[in-house]
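Student: Please give a close account of one part of this structure and of its surroundings. A single connected answer would suit me best.

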Amino acid sequence: MPVKADYHLHSHFSGDSDAPMEAMILKAIDLGLTQMCFTEHMDMDYPVTEDSPEGIFELNTDSYLFDLIKYKQKYADKINICFGVEVGMQPHLLQKIARYIQSWDFDFVIASTHLVRHIDPYDGSLFQIMSDEEAYRAYFEEELACMKSFSDYDIYGHIDYVIRYGKSRDRDYSYEKYQDIFEKMIDTLLEQEKGIEVNTGGLRKGLKEQHPCTQFLRRYREKGGEIVTVGSDAHTPKDLASGFDRAAQVLKSCGFTHYCTFEKRMPSYHRL
């Protein structure tokens, strides 16, 4: 397996996972990974529903870090475990998010958009009031607004996450269809020297490609982008590093020669 580091992982410290942190670590060791980074959810002001109580995705960072340090020391001779977070971006929360990130000595910060107009595409209601194309475009425009207004992160996560949940999913989806927004995204990321991730979670959802689509990765590389991490977005041990061989092939086909890991917010490059 060319990629030896999984940089998008959730344990029971995230509101949508029951996985013990140690079980995730033991699976990573069993797979032969040399590094892993937990990126627990911190989604402030997540909408309250019958299935999502208030604060479900607000991370208890003290408890999370306590356990992470314990296991980092316990397994230091077997794997390098890094302290990360996945912050849910919303335009009205950017200052609050910035204060939170600055309060902790993270190794790695993923900025992700999970909501559009305060609705998670996951629950399906967004697609009752919008067509897929309208919803996708609204989501991408909100991502772009966050990218332009906020820069205290390392990579932007699962950039086309919204397509997992549309009625047509990725059947009619293409880079070209949203090129006007995607080109602006890439230019903004490069101006701010930010990276993107290859997120293999969409493959487990039955999508044709990883997040983001291959053409997005190719254009980012063609325009000079080099900072790319690989993450399974695993919420259970069995999904750790899933799709990583395919991710490496896609990256190479787009012209990448290395993938990145982060410690103390600084990237290191590893040959594919």
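Tutor: The answer that follows starts from one helix and moves outwards to the aromatic rings and the elements around it.

The model is predicted, so local features need pLDDT of at least 70 and side-chain atom pairs pLDDT 80 or more, while totals for chains, interfaces and linings use all residues. Residues are numbered from 1 along each chain as written, and side-chain values use heavy atoms, without hydrogens or water.

The part chosen is helix α5, which runs over residues 132-149 (helices are DSSP runs of H or I, at least four residues, and strands runs of E, at least two, numbered from the N terminus). What length should one expect of α5? With 18 residues at 1.5 Å a residue, helix α5 should span 26 Å, and because its end C-alpha atoms are 26 Å apart, the model agrees with that expectation (the expected span is 1.5 Å times one less than the number of residues).

Which residues of α5 are buried? They are D132, A135, Y136, A138, Y139, F140, E142, E143, L144, C146 and M147 (buried is under 20% relative accessible area, exposed over 50%, partly exposed in between, with a 1.4 Å probe and protein chains only). The cover over these buried residues includes the helices α3 (94-102), α4 (126-129) and α6 (179-191), together with strand β5 (155-156).

F140 deserves particular attention within α5. Its relative accessibility is 0%, and therefore F140 counts as buried. The ring of F140 pairs with that of Y173: the ring centres are 6.4 Å apart and the planes stand at 35°, so the pair is tilted (rings of Phe, Tyr and Trp, the last by its six-membered ring, pair with centres within 6.5 Å; planes under 30 degrees apart are stacked, over 60 edge-to-face, the rest tilted). This pair joins distant parts of the chain, since F140 sits in helix α5 whereas Y173 belongs to the loop between β5 and α6, 33 residues apart. Y173 has a relative accessible area of 12%, so this residue is buried too.

The two rings also belong to a wider group. F140 and Y173 are members of one aromatic cluster, whose other members are Y122, F127, Y136, Y139, Y161, Y165, Y175, Y178, F182 and F216. Y136 and Y139, like F140, appear among the buried residues of α5 and take part in this cluster.

Across the whole structure, a search finds 26 aromatic pairs. One of them is formed by Y100 and F106: their ring centres lie 5.8 Å apart and their planes meet at 50°, so this pair is tilted as well. Y100 and F106 are both buried.

Helix α3, part of the cover over α5, can be viewed through one of its residues. I97 lies in helix α3 and is buried, because its relative accessible area is 2%. Setting aside neighbours within four places in sequence, I97 is in contact with M44, V87, G88, M89, Q90 and F150 (contact means heavy atoms within 4.5 Å). I81 is 16 residues from I97 along the chain, and the C-alpha atoms of these two residues are separated by 24 Å.

A last residue comes from a loop. D239 is placed between β7 (228-231) and α9 (244-253). With a relative accessible area of 15%, D239 is buried. Not counting residues up to four places away in sequence, D239 touches R204, S232 and A234.
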